[in-house]
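Reader: Could you walk me through the side-chain contacts in this one? I would like to go topic by topic, with some follow-ups as we go.

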Amino acid sequence: MTTLGIPEVRERRTPTRIGKRYLVRTFGCQMNEHDSERMSGLFEVDGMVPAADVADADVVLINTCCIRENADNRLYGNLGQLKAVKDERPDLRILVGGCLAQKDRDLVMAKAPWVDVVFGTHNLHRVLTLLDHAEEWGPVTEIWEETASIDDVPSSLPSHREVPHSAWVTITIGCNNACTFCIVPTVRGKEISRRPADIVREVRALAADGVSEVTLLGQNVNSYGRDLGLEGSRRPIFADLLRRVGEVEGIRRIRFTSPHPKDIRIDVLEAMAETAAVCEQLHLPLQSGSARVLRAMQRGYTPERFLEKLRLAEATIPGLATSTDIIVGFPGETESDFQQTLDVVEEARFDGAYMFIYSPRPGTAAATMGGQIERGVASERFARLTSLQQRISLEKNVALIGSTVEVLSEGASRKDASMITARTRTNKVVHVAGIQPSGAFLHARIDRAAPSHLMGTPV
Ligand code: SAH
Ligand code: SF4
Ligand code: F3S
């Protein structure tokens with residue numbers, strides 16, 4: 001695996017845990033995965049190597065998520081299993097970081113006193129120092145309310161990338177929106193943008209390290225640059241950033257997530273269309289198709305406005321594939337509200353959707369709203385929505401049969417060693433006959449289609 005070194009960070013430390021083994025378990029979104037890569041990078045700076053499993057590990061880090069309730073349960077299940085291992089091997093170090101640690105601080109230590117370190121989303125660059133502290137002085141909790149410096153954002157740390165040719169690049173951290181269902185602003189803090197020159201420098205370093213695909217990460221990428229207040233220059237905005245990253249030699253695919261429907265504008269769509277490396281892929285989270293529910297969610301758009309923006313994107317970017325996030329069972333959602341979601345989904349014809357049953361998160365505005373929906377009702381709506389989306393995804397994939405597309409190999413397929421798994425520019429998974437190394441670009445003819453993948457032959 002690849003370690004990208006930012007010299008100052010590497011030189012700050014003499015390795016102290018040479019040959020020890022670390023294991024990182026990641027429960028959350030792409031930002032959480034990116035944080036895990038950075039913390040793995042720090043472990044490697046300290047001389048550690050990846051462990052195959054818990055039995056083999058000296059240090060286990062759980063990087064938590066708290067977006068929905070089942071994420072909480074998963075942490076405590078994992079910690080229960082780790083306790084048995086630690087009873088056998090008291091030298092095992094257990095670290096809990098990420099969003100749930102940020103939110104529940106003392107609760108984690110109280111429920112699982114065998115944990116050595118609990119730390120939050122703003123302290124991840126401190127993971128080695130905290131581990132040292134725990135070994136010297138015993139269990140430690142460190143949760144900062146805010147990121148002390150933008151230079152501590154994960155992307156300015158070394159990284160251990162899971163896929164050598166593909167990298168995440170943080171452009172903003174935090175979120176200034178207040179969607180009433182969402183815990184993210186509480187755990188990730190206020191929005192901070194990285195300076196454009198730092199982002200471009202990082203992308204150049206990645207390209208030099210063999211990366212050909214980057215995904216720019218932020219909770220609301222359209223608000224990139226608003227807080228920078230750079231003097232003497234026009235304020236950098238997301239559209240400019242896309243164009244500048246698009247100029248970096250060696251980067252053939254640029255993706256980003258997520259734009260917010262209320263903020264995405266024609267300048268970004270034009271930058272997507274005019275920058276050759278930016279992929280024909282847009283993830284635009286709808287959340288609900290009911291104007292009333294969207295208002296209660298404080299999303300800042302109507303279903304009509306959402307559809308207008310989606311159609312504008314499709315008209316501006318030829319061959320665009322779209323995806324979305326949808327929540328069913330938000331407090332007060334009636335059958336008629338839900339029908340409107342089905343109608344918008346039918347009209348939007350997304351290539352794919354991530355669909356969720358609403359999960360009340362203590363501390364958010366929606367958690368205490370009247371009209372909480374019964375689990376059974378929400379599950380039944382969820383089943384109807386997923387079957388509609390499956391049908392649409394299949395129809396869109398079937399329409400690709402016979403066409404030839406560029407794909408980027410991710411190496412041998414896990415199910416069939418005679419095939420590779422690859423991705424189209426539109427971010428669709430294609431299983432292609434024959435073997436090609438991970439990172440290879442090739443063209444494939446699409447022969448068969450399923451709702452969530454395609455099958456192809458190299459041409
Ligand atoms: N910043 C991103 C979303 C991050 S969370 C954006 O605004 O697009 C990813 C998705 O999780 C959200 O889009 C939403 O669909 C879902 N989600 C967030 N909070 C949730 C909750 N309390 N219950 C169910 N799903 C939720
Ligand atoms: Fe959560 Fe809304 Fe911010 Fe996305 S934009 S992270 S859904 S508050
Ligand atoms: Fe991501 Fe979960 Fe945190 S979705 S931002 S890891 S709460």
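Author: Before the contacts, one term is needed: a residue counts as buried when its relative accessible area is under 20%, as exposed when that area is over 50%, and as partly exposed in between. Please also keep in mind that this is a predicted model.

Reader: Fine. Then is Arg 161 buried or exposed?

Author: Arg 161 is buried, since its relative accessible area comes to 1%.

Reader: And what does the side chain of Arg 161 meet in a salt bridge?

Author: The partner is Asp 209, with 3.2 Å from N to O. Arg 161 belongs to strand E8 (residues 159–161), while Asp 209 sits in the loop between helix H7 (196–208) and strand E12 (213–217), so the salt bridge ties together parts that are 48 residues apart in sequence. Asp 209, for its part, is partly exposed, at a relative accessible area of 29%.

Reader: How many salt bridges does a search of the whole structure find?

Author: The search of the whole structure gives 38 salt bridges. Several residues are also linked in a network of such bridges, made up of Arg 17, Asp 46, Lys 86, Arg 93, Asp 116, Asp 132 and Glu 135.

Reader: Which residue forms a salt bridge with Lys 83?

Author: Asp 87 does, and the closest N and O atoms of that pair are 3.1 Å apart. Both residues belong to helix H3 (residues 69–88), where they are four residues apart and therefore separated by about one helical turn. Asp 87 counts as exposed, at 53% relative accessibility, whereas Lys 83 counts as partly exposed, at 31%.

Reader: What about Lys 262, which side chain does it meet?

Author: Lys 262 meets the side chain of Asp 263 in a salt bridge, with an N to O distance of 2.9 Å. Asp 263 is buried, with a relative accessibility of 9%, and Lys 262 is partly exposed, with a value of 25%.

Reader: Switching to cysteines, how many disulfides does the count come to?

Author: The count comes to zero disulfides. As a reminder, a disulfide is a covalent bond between the sulfur atoms of two cysteines.

Reader: Why is there no bond for Cys 66?

Author: The closest cysteine sulfur to that of Cys 66 is in Cys 99, and because the two are 5.2 Å apart, they are too far for a bond; the cut-off applied to a pair of cysteine sulfur atoms is 2.5 Å. Cys 66 is buried, with a relative accessible area of 1%, and Cys 99 also counts as buried, at 11% relative accessibility.

Reader: Okay, ligands next. Which residues surround ligand 3?

Author: Cys 66 and Cys 99 both appear there, and the other residues around ligand 3 are Gly 28, Cys 29, Asn 32, Cys 65, Ile 67, Arg 188 and Gln 219. By residue class, the shell around ligand 3 divides into five nonpolar, three polar and one charged.

Reader: And which ones surround ligand 2?

Author: Ligand 2 has Cys 175, Asn 177, Cys 179, Phe 181, Cys 182, Val 184, Pro 185, Gln 219, His 260 and Arg 299 around it. The shell of ligand 2 holds six nonpolar residues, three polar and one charged.

Reader: How many aromatic pairs does the structure hold?

Author: The structure holds five aromatic pairs. Among them, Phe 238 and Phe 256 are edge-to-face, with 5.0 Å from centre to centre and 75° between the planes. Phe 238 lies in helix H8 (residues 238–246) and Phe 256 in strand E13 (residues 253–257), so this pair ties together parts that are 18 residues apart in sequence. Phe 238 counts as buried, at 1% relative accessibility, and Phe 256 is buried as well, at 7%.

Another edge-to-face pair is formed by Phe 330 and Tyr 358, at 5.5 Å centre to centre and with 70° between the planes; both residues are buried.

Reader: Which rings are linked into a cluster?

Author: Ring pairs link Tyr 301, Phe 306 and Phe 350 into a cluster.

Reader: Last one: what lies over the face of Tyr 76, and what over Phe 441?

Author: Lys 111 lies over the face of Tyr 76, at 4.0 Å from the ring centre, and Arg 252 lies over the face of Phe 441, at 3.6 Å from the ring centre.

How values were computed: Residues are numbered from 1 along each chain as its sequence is written. Chains are lettered from A and ligands numbered from 1 in the order in which they are written. This is a predicted model: local features need pLDDT of at least 70, side-chain atom pairs count only at pLDDT 80 or more; totals for chains, interfaces and linings use all residues. Side-chain values use heavy atoms; hydrogens and water are left out. A salt bridge is a side-chain nitrogen of Lys or Arg within 4 Å of a carboxyl oxygen of Asp or Glu. Helices (H or I, at least four residues) and strands (E, at least two) are DSSP runs, numbered from the N terminus. Buried means under 20% relative accessible area, exposed over 50%, partly exposed in between (1.4 Å probe, protein chains only). A residue is near a molecule or strand if one of its heavy atoms lies within 4 Å of it. Ala, Val, Leu, Ile, Met, Phe, Trp, Tyr, Cys and Pro count as nonpolar, Asp, Glu, Lys and Arg as charged, and the others, Gly among them, as polar. Rings of Phe, Tyr and Trp (its six-membered ring) pair if their centres lie within 6.5 Å; planes under 30 degrees apart count as stacked, over 60 as edge-to-face and the rest as tilted. A charge sits over a ring if NZ of Lys or CZ of Arg is within 6 Å of the ring centre and within 35 degrees of the ring normal.
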